[in-house]
Amino acid sequence: MSEKPVVLVTRKLPEAWMLVAQLGFFQYLFLGDPAGAAATLDEAARRPGAPFWFRTMAADVLMKGGERATARRMWEKMYEQSEGGIIKRNAALRLRILDSLDRADLLERAVAGYRRGTGRNPRHLEELRASGQWRGPCL
């Protein structure tokens, strides 16, 4: 078979959004391919009669699969293009979650730098800040 399954389904059964979505779930769950799964779910979302939330699922799959930058772009686009309501609120929430994950990564790197320099973890954020490793807030 020279063509990808989603291409065959698209050409042969253009109205089969559920089949395309199931292929996306398979890609994510069994093949461990969040980027491919998100692309397939996004394709399913463009099919006539497909649920609007397939795009949100595509962005969630990317986020859970560690593809934060691509997930962020999808959520930003959904936020910008929605006129309000649940999609806009959900996109805003997901963008805040992505921001939090990015900040947590920065904090983990700062703690690792402190540990390399001192041989131990900082006791609190003020100690980490005083060392120059952390410039973020000390809540």
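Author: Before we start, a nonpolar core here is a set of buried Ala, Val, Leu, Ile, Met, Phe, Trp, Tyr and Cys residues joined through side-chain atoms within 4.5 Å. Buried means under 20% relative accessible area, exposed means over 50%, and partly exposed is in between (1.4 Å probe, protein chains only). The model is predicted, so local features need pLDDT of at least 70 and side-chain atom pairs count only at pLDDT 80 or more, while totals for chains, interfaces and linings use all residues. Residues are numbered from 1 along each chain as its sequence is written, and side-chain values use heavy atoms, with hydrogens and water left out.

Reader: Good. Which residues touch the most other members in the largest nonpolar core?

Author: L41, F54, M74, W75 and M78 do, out of 22 residues in that core. Helix 2, helix 3 (34–45), helix 4 (54–64), helix 5 (68–81) and helix 6 (86–118) each give two or more residues to the core. Helices are DSSP runs (H or I, at least four residues), numbered from the N terminus.

Reader: Which helix gives the most to this core?

Author: Helix 4, with seven residues.

Reader: Is there another core, and what is in it? I mean, which residues are among its members?

Author: V111, Y114, L128 and W134 are among them. That core has five residues and lies apart from the other one.

Reader: Back to L41. What does L41 touch?

Author: Skipping residues up to four places away in sequence, L41 touches A21, G24, F25, F54, M57, A58 and V61. Contact means heavy atoms within 4.5 Å.

Reader: F25 is on that list. Where is F25?

Author: F25 sits in helix 2 (residues 17–29).

Reader: Buried or exposed?

Author: F25 is partly exposed, because its relative accessible area is 31%. F25 also belongs to a nonpolar surface patch of about 550 Å², together with F26, L29, F30 and L31.

Reader: What makes a patch?

Author: Residues with over 30% relative accessible area and no salt bridge; like charges are joined within 9 Å, and nonpolar side chains (Val, Leu, Ile, Met, Phe, Trp, Tyr) within 5 Å. The areas come from the Shrake-Rupley method with a 1.4 Å probe, and for residues only the protein chains shown count as cover.

Reader: And Q27? Where is Q27 found, and which side chain joins Q27 in a polar contact?

Author: Q27 is in helix 2. Its side chain meets that of T40 in a polar contact of 2.5 Å. Such a contact is a pair of N or O atoms within 3.5 Å; within protein, one must be able to donate a hydrogen and the other to accept it, and residues adjacent in sequence count only if both atoms are side-chain atoms. Q27 counts as buried because its relative accessibility is 13%. Leaving out residues up to four places away in sequence, Q27 touches G32, D33, G36, A37 and T40.

Reader: Switching to charges. How many salt bridges are there in the whole structure?

Author: A search finds 11. A salt bridge is a side-chain nitrogen of Lys or Arg within 4 Å of a carboxyl oxygen of Asp or Glu.

Reader: Which residues are linked in a network of salt bridges?

Author: D42, E43, R46, R47 and R55. Within that, the side chains of D42 and R46 meet at 2.9 Å, N to O. D42 counts as buried at 17% relative accessibility, whereas R46 is partly exposed at 48%.

Reader: What about D102? Which residue forms a salt bridge with D102?

Author: R68, with the closest N and O atoms 2.9 Å apart. This pair links distant parts of the chain: D102 is in helix 6, R68 is in helix 5, and they are 34 residues apart. D102 is partly exposed at 30% relative accessible area, and R68 is partly exposed at 22%.

Reader: Which residue does E127 meet in a salt bridge?

Author: R123, at 3.2 Å, N to O. E127 counts as buried at 15% relative accessibility, while R123 counts as exposed at 64%.

Reader: Now D60. Buried or exposed?

Author: D60 is buried, because its relative accessible area is 14%. D60 lies in helix 4. Leaving aside neighbours within four places in sequence, D60 is in contact with W75 and R94.

Reader: Last one, T118. Where is T118 found?

Author: T118 is in helix 6. T118 counts as partly exposed at 43% relative accessibility. A polar atom of the T118 side chain lies 3.0 Å from the backbone oxygen of R120.

Reader: How many residues apart are T118 and S131?

Author: They are 13 residues apart in sequence, and 9.9 Å apart in space, C-alpha to C-alpha.
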